[in-house]
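Reader: Please present this structure to someone who has not met it before.

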Amino acid sequence: QVQLVESGGGLVQAGGSLRLSCAASGSITSINIMGWYRQAPGKQRELVASTETGGSTTYADSVKGRFTISRDNGEHTVFLQMNSLRPEDTAVYYCNVHLRTTYWKFYWGQGTQVTVSS
């Protein structure tokens with residue numbers, strides 16, 4: 001019933017920018033946390049950034065000052081603006097949303113590939 005659809009990944013040169021989007025749809029009654037995770041080959045999935053309804057944000061140390069997370073509550077969408085990209089940012093990026101239909105649950109997007117060439 002709930003779908004998270006991601007877009008915006010791709011191939012970019014080091015120093016470039018990309019903007020990821022994740023739109024949640026379905027029988028959603030409320031959304032709390034919206035975030036982005038990433039998983040590089042051979043590595044564990046890690047938190048990149050998250051934002052709560054009240055406006056507080058969290059960033060991984062490795063992306064502070066380069067990435068910005070934002071959300072459109074009316075459209076149930078979360079964005080990740082990624083600037084000054086580095087080859088080590090290469091990974092599959094997943095959105096993760098804590099939302100309520102009839103009960104609260106975390107949902108994952110299908111993932112979008114981001115590749116940064118040196």
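The questions below go from the whole chain to one of its strands.

Author: This is a predicted model, in which local features need pLDDT of at least 70 and side-chain atom pairs count only at pLDDT 80 or more, while totals for chains, interfaces and linings use all residues. Residues are numbered from 1 along each chain as its sequence is written, and side-chain values use heavy atoms, with hydrogens and water left out.

Reader: How many strands does the chain have?

Author: Helices (H or I, at least four residues) and strands (E, at least two) are DSSP runs, numbered from the N terminus. The chain has 0 helices. Its number of strands is 11.

Reader: What radius of gyration does the chain have?

Author: The radius is taken over C-alpha atoms, and the globule rule is 2.2 Å times the number of residues to the power 0.38. Because the chain has 118 residues, a compact globule would have a radius near 13 Å, and the chain agrees with this at 14 Å.

Reader: Which residues of strand β1 point to the buried face?

Author: Buried means under 20% relative accessible area, exposed over 50%, and partly exposed in between (1.4 Å probe, protein chains only). Along β1 (residues 3-7) the side chains alternate, and Gln-3, Val-5 and Ser-7 point to one face and are not buried. The buried residues, on the other face, are Leu-4 and Glu-6.

Reader: Which residue stands opposite Leu-4?

Author: Two strands pair if DSSP finds at least two bridges between them. Strand β1 is joined by 5 bridges to β3 (residues 18-25), and the two run antiparallel. Opposite Leu-4, in β3, stands Ala-24.
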